[in-house]
Amino acid sequence: MSQPKISLTYFNIEAAAEKVRLALVMTGTEFEDKRVTFEEWGALKPTTPYGQLPLMTVTNPDGSVKTFAQSVAMMRWVARKFDTTDTLYPADPDKMLEIEEVIGLSDDMTKAWQPSLYMGMGRHAQYGHPEEWPEAKETVKRMRETFIAEGMPRFMAFFTKKLEATGAFFCGDKPTIADLQILAQLRYFTKGVADHVPADCLAPYPVVTAWMDRMHAIPQIKAWYKL
């Protein structure tokens, strides 16, 4: 049976699309990795379902086309449809529950970090502050430093406990989509791209960084990042 043609559209960064890219890479699924500029986004935005990226377009062998959004949904779909080993996102309800719990934990960490991320992007008015707000930069600095000092250790303790229980990956001896989501999530914090977030902020959590090393050693992921 012919495979559908898949096009994934996002900016030329990892962020929300990366877990989807990793799912495609791990399943050996060919796809068009379409990366748009922020300038191009202005014209593209009105054509998207929810005014956001990433966007996935699937062209089936019969010519029918489906376009959809929401990155976690894409990741789940790719794993369930193309993973012939049934290990990335198993159909078994009990295994699936374990994976979904970890994904939820990852989502909680994202929610905890998000205010300081968006405030740093100039979206402070969304949080009830005036557009002209002299304290913005200092507030973002304080919020991000607080997250690294207090929020990060809390989630890393949860992650460490999960990893120590398995000695390998988050949900057992094989990687799942939970690992893919968290790898993409944590790589961001090691890049030094966010103000007031040191690139070595994960160094105090050796169990987590050792897991990242295991993930980066997986042949498909190693090839993807050209490590």
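These legends go with close-up views of a predicted model.

**View A. Helices α1 and α3 pack side by side at an angle of about 5 degrees.**
Two packed helices are described by the angle between their axes and the distance between the axes. Here the partners are α1, residues 15–26, and α3, residues 71–82, with axes 9 Å apart. Angles under 35 degrees count as roughly parallel, so α1 gets that label relative to α3. On the α1 side, the contact comes from Ala16, Lys19, Val20, Ala23 and Leu24. Facing them from α3 are Ser71, Val72, Met74, Met75 and Val78. Sort the residues of this contact by type and you get eight nonpolar, one polar and one charged.

**View B. Phe68 and Trp77 make an edge-to-face ring pair.**
A pair of aromatic rings is described by the distance of the centres and the angle of the planes. For Phe68 and Trp77 the centres sit 5.7 Å apart and the planes are 80 degrees from each other. The edge-to-face label applies because the cut-off for it is over 60 degrees. How do the two residues compare in burial, buried or partly exposed? Phe68 is buried at 16% relative accessible area, while Trp77 comes out partly exposed at 26%. The count of aromatic pairs in the model is 14.

**View C. Tyr10, Phe11, Phe38 and Trp41 belong to one aromatic cluster.**
What holds this group together on paper is a set of ring pairs linking Tyr10, Phe11, Phe38 and Trp41.

**View D. Cys171 and Cys201 are both buried.**
Cys171 has a relative accessibility of 16%, and Cys201 has 6%. Buried means under 20% here, so both cysteines make the cut. A disulfide is a covalent bond between the sulfur atoms of two cysteines. How many disulfides does the model have? The count is zero, going by a cut-off of 2.5 Å between cysteine sulfur atoms.

**View E. Lys191 sits in the loop between α6 and α7.**
The flanking helices are α6, spanning 177–189, and α7, spanning 206–217. Lys191 is partly exposed, at 40% relative accessibility. Leaving out residues up to four places away in sequence, what does Lys191 touch? The answer is Glu14 and Ala199. Asp108 makes a handy reference point: Lys191 and Asp108 are 83 residues apart in sequence, and their C-alpha atoms are 21 Å apart in space.

**View F. Leu53 and Pro54 are joined by a cis peptide bond.**
Most residues other than glycine have a negative phi, and most peptide bonds are trans. The bond from Leu53 to Pro54 has omega near 10 degrees. Pro54 belongs to the loop that runs between α2 (38–44) and β3 (55–59).

**View G. Ala15 and His196 have positive phi values.**
Neither residue is a glycine, so both are worth a look if you're checking backbone torsions against the usual pattern, in which most residues other than glycine have a negative phi. Ala15 has phi of about 45 degrees and lies in helix α1. Its relative accessibility is 42%, so Ala15 counts as partly exposed. His196 has phi near 70 degrees. Where is His196? His196 is in the loop between α6 and α7, the loop that also holds Lys191. With 34% relative accessible area, His196 is partly exposed as well.

Conventions
Residues numbered from 1 in each chain as written. Predicted model: local features only at pLDDT ≥ 70, side-chain atom pairs only at ≥ 80, totals over all residues. Heavy atoms only, no water. Axes fitted to C-alpha atoms, helices over the stretch in contact; angles between N-to-C directions. Helix = DSSP H or I, 4+ residues; strand = E, 2+ residues; numbered from the N terminus. Parallel < 35°, antiparallel > 145°, perpendicular 65-115°, else oblique. Contact = heavy atoms within 4.5 Å. Nonpolar A, V, L, I, M, F, W, Y, C, P; charged D, E, K, R; others polar. Buried < 20%, exposed > 50% of the residue type's maximum accessible area, 1.4 Å probe, protein only. Phe/Tyr/Trp six-rings, centres within 6.5 Å; stacked < 30°, edge-to-face > 60°.
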